[in-house]
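Subject: Handover of a structure and its findings

Dear colleague,

Please find below the structure that I am handing over to you. My account of what was found in it follows directly after.

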Amino acid sequence: MENPYRLLIVIITTLVIMILVFYRAESKRYTVGDGEGWDIGTNYMAWAQPHNFTVGDVLVFKYVKGQHNAYQVSKEVYRSCDVGNGSASAGVLKKYETGSDEVVLGEARDYWFICSFQGHCLGGMKFGLNVTLDLIAPPNTTDDGVTNNVSNSGRGRGRGGGAENNNFWALWAVLLLANLALFFW
Ligand SMILES: [Cu+2]
């Protein structure tokens, strides 16, 4: 083999570009229940079901402070609606109570949320969702009531909202061409 470093260069290039794509992927911001907010009378499992939640996305719980809350709980508590003494050992992982709670879905796993007010969880204020680590699907493909501007001030690097998909595909085209070029080098 005339260039023993060629494979190494291909691998490193691929990894670097994949990391760039990962960090450029926009996180999305979902208002739980969309216009209905977080309240009794909405089917939140049905709300969550069509969305593809990925790591870094943000859930926003909107409700009147003092009338509801948002507890991140174990699957057992989600099922039983019983928060026990409200401790972590009872399955209550995090408590949000401000009325405009932002929950970052930071890990690729299942999350479960309920309202702990008497009867509210049993009345339907409960849902679960699965968060995936998604490097392959283009960002911002959902269009049903999802706002996409969460990180424009953070790591968005000043890009306009409409150009995100184009940037994404351009990056993958560059990755593909770079690897083809290196392969035939
Ligand atoms: Cu409630």
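Strand 4 and strand 7 (residues 110-114) are antiparallel partners, joined by 2 bridges. Within this pair, Y71 has I114 of strand 7 as its bridge partner. Please bear in mind throughout that the model is predicted.

Strand 7 also pairs with strand 8 (residues 126-132), again in the antiparallel sense, over 5 bridges. There, D110 stands opposite N130 of strand 8. Strand 4 (residues 70-73), for its part, is joined to strand 5 by 4 bridges, and these two strands run antiparallel. In that pairing V73 lies opposite V92 of strand 5.

These pairings belong to one sheet. It is an open sheet of 5 strands in the order 2-8-7-4-5, and its pairing is mixed. At its edges are strand 2 (53-54) and strand 5 (92-96), each of which pairs on one side only.

One residue of the edge strand 5 deserves your attention, namely K95. Is K95 buried, partly exposed or exposed? K95 counts as partly exposed because it has 14 C-beta neighbours inside 10 Å, whereas a buried residue would need 20 or more. Leaving out residues up to four places away in sequence, K95 touches N69 and Y71. K95 and Y71 are 24 residues apart along the chain, yet their C-alpha atoms are separated by 4.6 Å.

As background, side chains in a regular strand alternate between the two faces of the sheet.

The structure has a further open sheet, made of 3 strands in the order 1-3-6, also with mixed pairing. Strand 1 and strand 6 (100-104) stand at its edges with a single partner strand each, so one side of each has no neighbour in the sheet. From one strand to the next, the twist averages 20 degrees. Strand 3 and strand 6 run antiparallel and are joined by 5 bridges. Across this pair, V60 has E102 in strand 6 as its bridge partner.

I turn next to the interior. The largest nonpolar core has 22 residues, and those that touch the most other members are V32, W38, F61, A70, F113, I114 and M125. Two or more residues of this core come from each of strand 3 (58-62), strand 4, helix 3 (75-80), strand 7 and strand 8. W38 illustrates how such a residue is surrounded: apart from neighbours within four places in sequence, its contacts are V32, G33, F61, K62, Y63, H68, A70 and M125.

G41 offers a contrasting case. It is found in the loop between strand 1 (29-31) and helix 2 (44-48). Why does G41 count as exposed? The reason is that G41 has 9 C-beta neighbours inside 10 Å, and a residue with 12 or fewer is classed as exposed. Along the sequence, G41 and G124 are 83 residues apart, while their C-alpha atoms are 7.0 Å apart in space.

Finally, here is the protein as a whole. Its secondary structure comes to 4 helices and 8 strands, which follow the pattern α-β-α-β-β-β-α-β-β-β-β-α along the sequence. Of its 185 residues, 19% are buried. Among contacts with a separation of 6 or more, 75% join residues 24 or more positions apart.

With kind regards

Notes
Residues are numbered from 1 along each chain as its sequence is written. This is a predicted model: local features need pLDDT of at least 70, side-chain atom pairs count only at pLDDT 80 or more; totals for chains, interfaces and linings use all residues. Two strands pair if DSSP finds at least two bridges between them. Two residues are in contact if their C-beta atoms, placed from the backbone, lie within 7 Å. A nonpolar core is a set of buried Ala, Val, Leu, Ile, Met, Phe, Trp, Tyr and Cys residues joined through C-beta atoms within 7 Å. Axes are lines fitted to C-alpha atoms, for helices over the stretch in contact, and angles run from 0 to 180 degrees between N-to-C directions.
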